[in-house]
Amino acid sequence: MGKTLKIIIAVVLVVVVGVAAYRLVLSPRNEAEAGDKKPEFTYSPGDYFVSNIEDSSRLLKATIVLSVNDQSKIEYMTENNHVIRDTIIQTLREKNEEELRSSGIQDKLRKEIVANLKARLDMDYLVTVYFEDFVLQ
């Protein structure tokens, strides 16, 4: 009976660990979490960006999409697309080659672009920016 009890305990432990792993990792988000998140809408400020790199003969090519949580602001963004593009280009041009090759540069640029756009155009509805491509040539 000692072996049978050990097998039963082992099976119960495996089931408990499996259920816990499923709930923590694989289960869908609960409705309360999903309800807290605002919907996101995307805005493309046009074709890719090509920018000189500070103190370098290289160029940076990036395609960027903006994510906002208020679809009614898309028209305002379209009207101010020239300011949006200028702000993004200025942010990109401030970086040198070493910075652009560093790990985490896209996250750093993402935060800087969002902060600069919010400051320049009062875009409190701007959530983040996404890089569709990011190439140092």
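These are numbered notes on a predicted model of a single protein.

1. Overall make-up. The protein has 137 residues, and 28% of them count as buried. Its secondary structure consists of six helices and four strands. Read from the N terminus, the order of elements is α-α-β-β-β-α-α-α-α-β.

2. Contacts and surface. Among contacts in the protein with a separation of 6 or more, 69% join residues 24 or more positions apart. The exposed area of the protein is about 9400 Å², and carbon and sulfur atoms supply 54% of that area.

3. Helix α4. This helix covers residues 81–93, which is 13 residues; at 1.5 Å a residue it should span 18 Å, and its end C-alpha atoms are 18 Å apart, so the two values agree. The buried residues of α4 are N81, V83, I84, T87, I88, T91 and L92. They pack against three strands, namely β1 (41–43), β2 (49–52) and β3 (59–68), and against the helices α3 (74–79) and α6.

4. Helix α6. Residues 105–121 form this helix. With 17 residues at 1.5 Å each, α6 should span 24 Å, and the distance between its end C-alpha atoms is 24 Å, which agrees. Buried positions in α6 are I105, L109, R110, E112, I113, V114, L117 and L121; R110 and E112 are on that list along with I113 and V114. The packing partners of these buried residues are β3, α3, α4, α5 (97–101) and β4 (126–136).

5. T91, on the α4 side. T91 belongs to helix α4. Its relative accessible area is 1%, under the 20% cut-off, so T91 counts as buried. The side chain of T91 reaches back to the backbone oxygen of T87 at 2.8 Å. T87 is itself among the buried residues of α4. With neighbours within four places in sequence left aside, T91 is in contact with L109, E112, I113 and N116. Of these, L109, E112 and I113 are listed as buried in α6.

6. E112, on the α6 side. E112 is found in helix α6 and is one of the buried residues there. Which residues does E112 touch, not counting those up to four places away in sequence? The partners are T91 and K95. With K95 there is a polar contact between side chains, at 2.8 Å. E112 and I88 lie 24 residues apart in sequence, and their C-alpha atoms are 9.2 Å apart in space. I88 is a buried residue of α4.

7. Aromatic pair. The count of aromatic pairs comes to one. The ring centres of F131 and F134 are 5.4 Å apart and the ring planes stand at 80 degrees, which is over the 60 degree cut-off, so the pair is edge-to-face. Both F131 and F134 are buried.

8. Charges over rings. Two placements can be checked in the model. K61 lies over the face of Y48, at 4.8 Å from the ring centre. R85 lies over the face of F49, and here the distance to the ring centre is 4.1 Å.

9. Positive phi at D55. The phi of D55 is near 55 degrees, a positive value in a residue other than glycine. D55 sits in the loop between β2 and β3. Is D55 buried or exposed? Its relative accessibility is 78%, over the 50% cut-off, so D55 counts as exposed.

10. Positive phi at D122. D122 comes just after α6 and takes a positive phi of about 55 degrees. It is a residue other than glycine, and its place is the loop between α6 and β4. At 60% relative accessibility, also over the 50% cut-off, D122 counts as exposed.

11. Points to look at in the structure. For the contact between α4 and α6, one place to start is T91, which is in contact with L109, E112, I113 and N116; the side-chain contact of E112 with K95 can be viewed from there. For backbone geometry, the residues to inspect are D55, in the loop between β2 and β3, and D122, in the loop between α6 and β4.

Notes: Residues numbered from 1 in each chain as written. Predicted model: local features only at pLDDT ≥ 70, side-chain atom pairs only at ≥ 80, totals over all residues. Heavy atoms only, no water. Helix = DSSP H or I, 4+ residues; strand = E, 2+ residues; numbered from the N terminus. Polar contact = N/O pair within 3.5 Å; in protein donor to acceptor, adjacent residues only side chain to side chain. Contact = heavy atoms within 4.5 Å. Buried < 20%, exposed > 50% of the residue type's maximum accessible area, 1.4 Å probe, protein only. Areas by Shrake-Rupley, 256 points an atom, 1.4 Å probe, with all protein chains shown as cover. Phe/Tyr/Trp six-rings, centres within 6.5 Å; stacked < 30°, edge-to-face > 60°. Lys NZ or Arg CZ within 6 Å of the ring centre and 35° of its normal. Expected span 1.5 Å × (residues − 1).
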